[in-house]
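Hi,

Here is the structure I said I would pass on. Have a look at it first, and then read on for what turned up.

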Amino acid sequence: MCKSVTILAIGLGLAAAPLALASPPIFQPGAPGGAARTLTPEQSIEMAQTGHSAADARFMQHMIVHHGQAVAMGELIADRTTNAEIALMGERIARSQASEIEMMRAWLEHRGLSTRMSHDTDMPGSMPEHGSHALASGMNHASHDAPSDTPVMPGMLSPAQMAQLEAARGTDFDSLYLTGMIHHHQGAINMVTALLAGSGNGMDPQLSEFLSAVIADQAAEISRMRGLLADL
């Protein structure tokens with residue numbers, strides 16, 4: 001009996017040894033539709049020491065505002081729909097993007113960078129630096145004029161579209177929310193694609209992980225929302 005146990009233990013030890021020596025592959029995500037690249041440990045270390053580009057910083061500053069509007073859209077759900085599936089989806093999106101806003105702020109602050117979006121020509125349609133709430137909601141609180149049809153940045157809803165969403169109820173709200181959030185998510189994916197198309201961008205490991213999450217999570221949510229929209 002003891003001999004059998006000993007033989008079994010030796011066998012397990014021999015079998016486990018190759019597993020202990022193996023290391024998991026390291027992947028760098030590609031653009032949507034593109035293949036991921038396998039990195040050697042040396043390449044991974046080199047990338048970790050590369051730091052970030054100016055475009056990376058602008059992306060994070062803009063994405064904070066972009067995510068902020070998704071949170072503002074989610075805050076409208078409770079009083080405007082009785083569709084439990086849309087309410088659950090909206091709550092999940094709002095919580096997820098609020099958490100990612102905190103991560104992006106921490107990423108920028110840790111590197112001594114501003115968390116505020118500034119006007120630049122890299123993001124067509126961007127507006128000059130404004131208060132964070134107005135930018136996040138997309139509402140034109142700065143004046144009493146009619147809401148603008150110009151979004152803060154491509155992919156976001158315009159102040160007029162946000163006002164329309166805020167005024168809607170029931171199925172009208174459900175349709176506007178789903179249509180708007182699909183557009184919003186696709187805008188975020190397009191921003192990631194544009195960033196990764198630039199040489200030297202997205203090399204920071206934490207940023208790279210975040211970019212992968214935006215593509216995977218928001219693409220899956222777009223598919224889910226299209227299904228909910230078709231069922232209205």
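Let's start with Ile 86, which sits in helix 4, the stretch covering residues 84-110. Keep in mind that this is a predicted model. Ile 86 has a relative accessible area of 0%, so it counts as buried. What does Ile 86 touch, leaving out residues up to four places away in sequence? The list is Ile 77, Asp 174, Tyr 177, Leu 178, Leu 228 and Leu 232. There is also a distance to look at in the viewer: Ile 86 and Ser 175 are 89 residues apart in sequence, but their C-alpha atoms are 9.9 Å apart in space.

Ile 86 also belongs to the contact between helix 4 and helix 8, so that pair comes next. The axes of helix 4 and helix 8 come within 12 Å and cross at roughly 165°. Angles over 145 degrees count as roughly antiparallel, and helix 4 and helix 8 are therefore roughly antiparallel to each other. Their crossing is left-handed. On the helix 4 side, the contact is made by Glu 85, Ile 86, Met 89, Arg 92, Ile 93, Gln 97, Glu 100, Met 103, Met 104 and Trp 107. Helix 8 brings Gln 206, Leu 207, Phe 210, Gln 218, Glu 221, Arg 224, Met 225 and Leu 228. Sorted by class, the contact of helix 4 with helix 8 has 10 nonpolar, 3 polar and 5 charged residues.

Helix 8 (residues 205-230) also packs against helix 7 (residues 170-196), at an angle of about 150° and with the axes 9 Å apart. Helix 7 and helix 8 are therefore roughly antiparallel to each other as well, and helix 7 passes helix 8 in a left-handed crossing. The residues from helix 7 in this contact include Ser 175, Leu 178, Met 181, Ile 182, Ile 189 and Val 192. From helix 8, they include Leu 211, Val 214, Ile 215, Ile 222, Met 225 and Leu 229. The contact of helix 7 with helix 8 divides into 17 nonpolar, 5 polar and 2 charged residues. You may recognise Ser 175 and Leu 178 here: Leu 178 is one of the residues that Ile 86 touches, and Ser 175 is the partner in the 9.9 Å distance above.

A third helix to look at beside helix 8 is helix 3 (residues 54-75). How are helix 3 and helix 8 oriented to each other? They pack at an angle of about 40°, with their axes 12 Å apart, and helix 3 and helix 8 are therefore oblique to each other. The crossing of helix 3 and helix 8 is left-handed. Asp 56, Phe 59, Met 60, Met 63 and His 67 of helix 3 make the contact with Leu 207, Phe 210, Leu 211 and Gln 218 of helix 8. By class, that contact has 6 nonpolar, 2 polar and 1 charged residues. Leu 207, Phe 210 and Gln 218 of helix 8 take part in the contact with helix 3 and also in the contact with helix 4.

Next, a loop residue. Gly 198 lies in the loop between helix 7 and helix 8. With a relative accessible area of 24%, Gly 198 is partly exposed. Gly 198 and Ala 55 are 143 residues apart in sequence, and 8.4 Å apart in space from C-alpha to C-alpha.

Then have a look at helix 6 (residues 159-167), where you will find Ala 160. Ala 160 counts as partly exposed, at 22% relative accessibility. Not counting residues up to four places away in sequence, Ala 160 touches Pro 147, Ser 148 and Asp 149. The C-alpha atoms of Ala 160 and Ser 148 are separated by 5.5 Å, with their positions 12 residues apart along the chain. Gln 161 is in helix 6 too, and is partly exposed with a relative accessible area of 38%. Its C-alpha atom is 8.8 Å from that of Pro 151, 10 residues apart along the chain.

Finally, the chain as a whole. The chain has 8 helices and 2 strands, in the order α-β-β-α-α-α-α-α-α-α from the N terminus on. Of its 232 residues, 38% are buried. Among the contacts with a separation of 6 or more, 72% join residues 24 or more positions apart. The chain exposes about 12600 Å², and carbon and sulfur atoms supply 59% of that area.

Cheers

Terms used
Residues are numbered from 1 along each chain as its sequence is written. This is a predicted model: local features need pLDDT of at least 70, side-chain atom pairs count only at pLDDT 80 or more; totals for chains, interfaces and linings use all residues. Side-chain values use heavy atoms; hydrogens and water are left out. Axes are lines fitted to C-alpha atoms, for helices over the stretch in contact, and angles run from 0 to 180 degrees between N-to-C directions. Helices (H or I, at least four residues) and strands (E, at least two) are DSSP runs, numbered from the N terminus. Angles under 35 degrees count as roughly parallel, over 145 as roughly antiparallel, 65 to 115 as roughly perpendicular and the rest as oblique. A crossing is left-handed if the near helix is turned anticlockwise from the far one by less than a right angle, and right-handed if clockwise. Contact means heavy atoms within 4.5 Å. Ala, Val, Leu, Ile, Met, Phe, Trp, Tyr, Cys and Pro count as nonpolar, Asp, Glu, Lys and Arg as charged, and the others, Gly among them, as polar. Buried means under 20% relative accessible area, exposed over 50%, partly exposed in between (1.4 Å probe, protein chains only). Accessible areas come from the Shrake-Rupley method with a 1.4 Å probe; for residues, only the protein chains shown count as cover.
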